[in-house]
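Grab a coffee and work through a few exercises on domain contacts, salt bridges and burial. Try each task before you read its solution.

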Amino acid sequence: MILIIDFGSQYNQLIARRVREHRVFCQVEPPTIKLAAIEKLNPDGIILSGGPSSIYEKNSPRIDKAIFGLGIPILGICYGLHYMVDALGGTVKSSKKREYGFAELIIKSKNHLFRDIDKRTTCWMSHGDSIGKLPRGFKITASTSSTRAAAVAHARKKRFGVQFHPEVAHTPQGKKMLGRFLFDICGCKRLWTMKNFAIQAVNRIRETVGDQRVILGLSGGVDSSVTALLIHRAIGKKLTCIFVDNGLLRLKEGEKLKKTLKQHLNINIRFVSAKRQFLTALAGVTDPEKKRKIIGRVFMTVFEVEAGKIRNAAFLAQGTLYPDIIESRSAFGGPTSVIKSHHNVGGLPKKMKLKLVEPLQYLFKDEVRKLGKTLGLSDELVWRQPFPGPGLAIRIIGEITARRLTILRQVDDLLLQEIKSAGYYKKLWQSFAVLLPIKSVGVMGDKRTYENIIAIRAVTSKDAMTADWAKLPHKFLAKVSNRIINETNGVNRVVYDISSKPPSTIEWE
Ligand code: XMP
């Protein structure tokens, strides 16, 4: 396995993804990780990530220097390189000019990292500091026009550093370079497959849970469905799933899910309808954060009551994914600002005193889909687009009323039908309708109308961290717009959201 030390880079998850794409297991840990913990992990290599700090700043993140005494190959990227240079007696200085964007990398000395890499290739730079004096034994192996030490190496000691970012797609040969580090330098093998993962995960669940009972909040999304399957494989009937219908689902989604889940998961599932509780608590609320908090709270109350009926439950299972774990443990101890308070089964009810099982906590979303397929989950569940816990509540901007829910459900269903029949469903990360809190004037059959506006949102993404608005053909959009305005009551205008994430987010609230 490869250990990635997270110095706070916006790209650290990308490093992990690239390593996984080479079918090598990796784990991301903060620089505060203890030496003994590293020794226990026994990594074949360590990657030091980039980060926003300058190494000469007072509180810049650092990892125990003793890692250099472990004899493990090390690759430092950007800030990770600066840390290595500084720790080994070299110097790092602030550059006169910030280098940001594409640069031509000229390889000066072919070493393991650059074997079979073009002598001149494009790389992606994003740094304000650069190397001054090199530590003893290090050589410059590649340069760009503004950065002499764009890559350095102490090949004998297997210490490598790059100023650019091999993990981003903008460095076209970056993935190959990372592969060189993994296979040629660290001697890793391509053993990370979902089949192996499933076997290990099932064993681990059995060891952790023993013959105690587990409960799981099932949403019908791929994460909770795969979690359910894995746990069911490990402990069978000792798993009970709870599905809460909050009244904020898509058209007939509750019933459809009930059918699909029963059909495809031969698992104990309790279905709870709590529509009224949610809608009453949300009446008159327009603030997005308030909506999220209310939904989270009501969900916990309903879930707690239901879970309380399951005697001897000792564990709560969650479909937490790796990005959440990485974020909550990053170099600076978690996300610095709350963009949206995501609602999952998050806050463990204190009274219930349940321990957590999170078998997907090392996986990315696309890996969860692969795992689902390996476990035999139906395509319908594997390829379900993500649907947020707070559901349509955060797609109805402004107040949530029964009437507004009906309008959005109809429109959203129509859009979904069209997306599916045109073959876009699997290609898009998400596609949905949003009901706006303003009305507009229109004309229909010679009459003035004053009705609602619908925004269509469709994005492509790998993991929801970043997303591009989908370039759906105009012809398709025209058809959808026509159908929405003609076939649903109360809408006279449709707009298409052409914003990417960042700076926007996928959901509107
Ligand atoms: P944003 O809007 O932050 O969304 O770009 C990123 C991804 O997360 C989903 N999302 C949620 N999922 N509970 C969830 O389980 C939530 O509260 C929540 N809010 C957003 C969103 O649909 C997108 O896939």
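The exercises below deal with a predicted model.

**Exercise 1. Find the domains, then describe how domain 2 and domain 3 meet.**

Step 1: Start with the bounds. The domain assignment splits the protein chain into domain 1 (2-185), domain 2 (194-382) and domain 3 (395-496).

Step 2: Look at the spacing and the contacts. The C-alpha centres of domain 2 and domain 3 are 28 Å apart, and 17 residues of domain 2 touch 17 residues of domain 3.

Step 3: Now the area. About 1300 Å² is buried between domain 2 and domain 3, with 55% of it on carbon and sulfur atoms. On the domain 2 side, Arg 250, Leu 251 and Lys 291 supply 41% of the area buried against domain 3, more than any other three residues.

**Exercise 2. Which polar links cross between domain 2 and domain 3, and which elements of domain 2 give two or more residues to its side?**

Step 1: Count the links. There are seven residue pairs in polar contact across this interface, and the salt bridge count between the two domains is one.

Step 2: Go to the elements. On the side of domain 2 that touches domain 3, α8 (275-282) and α11 (365-374) each give two or more residues. The largest share, three residues, comes from α11.

Step 3: Sort that side by class. You get seven nonpolar, three polar and seven charged residues.

**Exercise 3. Take the salt bridge of Arg 250 and Asp 412: which parts of the chain does the pair tie together, and is each residue buried or exposed?**

Step 1: Check the distance. The closest N and O atoms of Arg 250 and Asp 412 are 2.7 Å apart.

Step 2: Place both ends. Arg 250 sits in the loop between β11 (239-245) and α7 (253-264), while Asp 412 is in helix α13 (residues 402-421), so the pair ties together parts 162 residues apart in sequence.

Step 3: Apply the cut-off for buried, which is under 20% relative accessible area. Arg 250 counts as buried because its relative accessibility is 8%. Asp 412 has 2%, so this residue counts as buried too.

**Exercise 4. Do the same for Arg 270 with Glu 306 and for Arg 457 with Asp 497.**

Step 1: Take Arg 270 and Glu 306, whose closest N and O atoms are 4.0 Å apart. Arg 270 belongs to strand β12 (residues 268-273) and Glu 306 to helix α9 (residues 288-308), 36 residues apart. Arg 270 is partly exposed at 31% relative accessible area, whereas Glu 306 is buried at 11%.

Step 2: Turn to Arg 457 and Asp 497, with closest N and O atoms 3.2 Å apart. Arg 457 is in strand β16 (residues 447-460) and Asp 497 in the segment after β18, so this pair ties together parts 40 residues apart in sequence. Both Arg 457 and Asp 497 are buried.

Step 3: Zoom out. The structure has 24 salt bridges.

**Exercise 5. Is Ser 143 buried or exposed, and what about Ile 498?**

Step 1: Ser 143 lies in strand β7 (residues 139-143). With 6% relative accessibility, Ser 143 counts as buried.

Step 2: Check the surroundings. The side chain of Ser 143 makes a polar contact with that of Lys 108 at 3.2 Å, and Ser 143 also touches residues including Glu 104, Ile 106 and Ala 150.

Step 3: Ile 498 is in the segment after β18 (491-496). Exposed means over 50%, and Ile 498 has 54% relative accessible area, so Ile 498 is exposed.

Terms used: Residues are numbered from 1 along each chain as its sequence is written. This is a predicted model: local features need pLDDT of at least 70, side-chain atom pairs count only at pLDDT 80 or more; totals for chains, interfaces and linings use all residues. Side-chain values use heavy atoms; hydrogens and water are left out. Domain bounds come from an automatic or database domain assignment. Contact means heavy atoms within 4.5 Å. Buried area is the accessible area (1.4 Å probe) that two parts lose on being put together, summed over both. A salt bridge is a side-chain nitrogen of Lys or Arg within 4 Å of a carboxyl oxygen of Asp or Glu. A polar contact is a pair of N or O atoms within 3.5 Å; within protein, one must be able to donate a hydrogen and the other to accept it, and residues adjacent in sequence count only if both atoms are side-chain atoms. Helices (H or I, at least four residues) and strands (E, at least two) are DSSP runs, numbered from the N terminus. Ala, Val, Leu, Ile, Met, Phe, Trp, Tyr, Cys and Pro count as nonpolar, Asp, Glu, Lys and Arg as charged, and the others, Gly among them, as polar. Buried means under 20% relative accessible area, exposed over 50%, partly exposed in between (1.4 Å probe, protein chains only). Lists of a residue's contacts leave out its neighbours within four places in sequence.
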